[in-house]
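Here's an informal walk through one chain, from model confidence to cores, strands and salt bridges. Keep the viewer open and follow along.

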Amino acid sequence: MSTENEGTEHPPAPSAPPVPVDTPAAPAPAAQHGPAGDPAGQQPHPAGPAPAGDWPPPPPAVPAYASGGAGHTPGDGGGSWGGGQNHWGAGYQPPQPKQGGRRGLLAGVVAAALIAGAVGGGIGYWAAERGDDAGTGSTTVSASNPADLKRDPGTVAAIAAKALPSTVTIEAEGNSGEGGTGTGFVYDKEGHILTNNHVVAEAVDGGKLSATFSNGKKYDAEVIGHAQGYDVAVIKLKNAPDNLRPLTLGNSDKVAVGDSTIAIGAPFGLSNTVTTGIVSAKDRPVASSDGSGNSKASYMSALQTDASINPGNSGGPLLDGNGNVIGINSAIQSAPSGGLGGSGQSGSIGLGFAIPINQAKMVAEQLIKTGEPLYPVIGASVSLEEGTGGAKITEQGASGAAAVTPNGPAAKAGLKPGDVITKLDDTVIDSGPTLIGQIWTHKPGDTVKLTYTRDGKDHTVDVTLGERKGDS
């Protein structure tokens, strides 16, 4: 499956519908229409004040909502990289303009104030008309202070309250000024933050990087290590505080379909956003790139969730019902039309993908230790095309190299160009990206059982995985 992260810059979605500040309080005489032909009010409302005794008064015209958003996901089988049609996923939100960045929110507040004013006037008019005919007064009962409410352990509110202080909004900016916003979370007390590679990629070579906590405190940071193939990166806070609370890591191997999930991130720049859902599927083969045509693909055997994940969520934690991290939100599948508006960047359609935390932890420890990733490989190039009935070993490798590395793991096991790998241990392999994602859940030196087809006959061999250092 190919999913999408962001590669091209799009204007950020406003926090609220953009309504002019001088919008009159009176409702519009007819239905209005918003940009891109979206109807702004499905039912026209009569103009002018409501007649005496006519309650409630007609509501004001509904403001038009714009649409936007886009999303897709990463994979290496042991040989060549994929490319082309795969795109990065859910997580990297282009920065908001430095000037006028609050206009959408301000307009929304003004619009709400106008609506409240109109309703308040209607209530006052109605009360005045009833006057002495209203009978006896009413008695109201006030609720207790919300601060006194108890959130039991295990509730979404309790989990969010514990996890939000350890989740950060990351801003990355390259030397050219390009960059964006993503999410990360506290990995250890030394100040390491775990996130996606595509969130911090712009800041790897001398760019600017910062992390802002939910209390508003902001810290400069630096990239400690990044793995483009895994789409995992570790950054470290400069002058990190002493009271960091790392999030508890769960066991993604023990996750079951149907388990509750909680996602935290900064969708479209809206920091500290919490959404909920379930684990929709496990071991979902996903391949993605940034869509630029110049980057290589990343691959994962992903956790699929229907928790709402949007651009800006990437790198954020996917939590289980106990508040443990089970994955890193990384990608979304977009609608074929490109979203509600038919073009541009789409938002969540309930198909989000996260890197299992067991794999992410393995990569993070390697990055913290050496600064570069280590990949398990079989030493063979496989086709990334669909419809091959498995992972087919190509006739030739990348840049004219041999498809099967001489004296490599695949060669030692007797694999040849043209062989079609159909299973890895007990997992069915239906394509090259699926094989890559499955191989990368292992470590170099692990022994796996490969089933392959040659001349119409099935064969099974044991292969001890080799290693490759760094992204290439």
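First, a word on confidence. This is a predicted model, and its average pLDDT is 75, with 65% of the residues scoring at least 70. Two stretches fall below 50. One of them covers residues 6-57, which still has 78 contacts in the model beyond near neighbours in sequence. The other covers residues 59-92, with 201 such contacts. The pLDDT is below 50 in that stretch too, so read those contacts with the confidence score in mind, because pLDDT is the predictor's confidence in each residue.

Now for the inside. The largest nonpolar core has 54 residues, and those with the most contacts inside it are Leu194, Val232, Leu319, Ile378, Leu435 and Leu450. Helix H4 (residues 357-370) supplies the largest share of this core, 5 residues. A second, separate core has 17 residues, including Ile170, Val186, Tyr219 and Ala221.

Zoom in on Val232 and you can see who surrounds it. Leaving out residues up to four places away in sequence, Val232 touches Leu194, Thr195, Asn196, Asn197, His226, Ala227, Ile355, Ala360, Val363 and Leu367.

Helix H2 is another good place to stop. It spans residues 156-163, and Ala158, Ile159, Ala160 and Ala163 are buried there. What do these buried residues pack against? Their partners are four strands: S3 (167-173), S9 (260-265), S10 (273-288) and S12 (317-319).

Two of those strands also pair with each other. S9 and S10 run antiparallel and are joined by 6 bridges, with Ala263 standing opposite Thr275 in S10. S10 then carries on to S11 through 7 bridges, again antiparallel. In that pairing, Pro285 stands opposite Ser301 in S11.

Strand S11 (residues 298-305) also holds Gln304. Is Gln304 buried or exposed? Its relative accessibility is 8%, so Gln304 counts as buried. Setting aside residues up to four places away in sequence, Gln304 touches Ile278, Val279, Ser280, Ala281, Arg284, Leu351, Gly352 and Phe353.

For a contrast, go to Asp205, in the loop between helix H3 (197-200) and strand S6 (208-212). Asp205 counts as exposed because its relative accessibility is 63%. The C-alpha atoms of Asp205 and Val223 are separated by 9.2 Å, with their positions 18 residues apart along the chain.

Last stop, the salt bridges. How many are there? The count comes to 2, and here they are:

| Pair | Closest N to O | Apart along the chain |
|---|---|---|
| Asp419 and Arg454 | 2.8 Å | 35 residues |
| Asp462 and Lys449 | 3.0 Å | 13 residues |

Both pairs link distant parts of the chain. Asp419 sits in the loop between helix H5 (409-412) and strand S17 (420-424), while Arg454 is in strand S19 (residues 447-454). Asp419 counts as buried because its relative accessibility is 1%. Arg454, at 22%, counts as partly exposed.

In the other pair, Asp462 belongs to strand S20 (residues 457-464) and Lys449 to strand S19. Lys449 has a relative accessible area of 38%, so Lys449 is partly exposed.

How values were computed:
Residues numbered from 1 in each chain as written. Predicted model: local features only at pLDDT ≥ 70, side-chain atom pairs only at ≥ 80, totals over all residues. Heavy atoms only, no water. Buried < 20%, exposed > 50% of the residue type's maximum accessible area, 1.4 Å probe, protein only. Helix = DSSP H or I, 4+ residues; strand = E, 2+ residues; numbered from the N terminus. Contact = heavy atoms within 4.5 Å. Core = buried A, V, L, I, M, F, W, Y, C linked by side-chain atoms within 4.5 Å. Pairing = 2+ DSSP bridges. pLDDT = per-residue confidence, 0-100. Salt bridge = Lys/Arg side-chain N within 4 Å of Asp/Glu carboxyl O.
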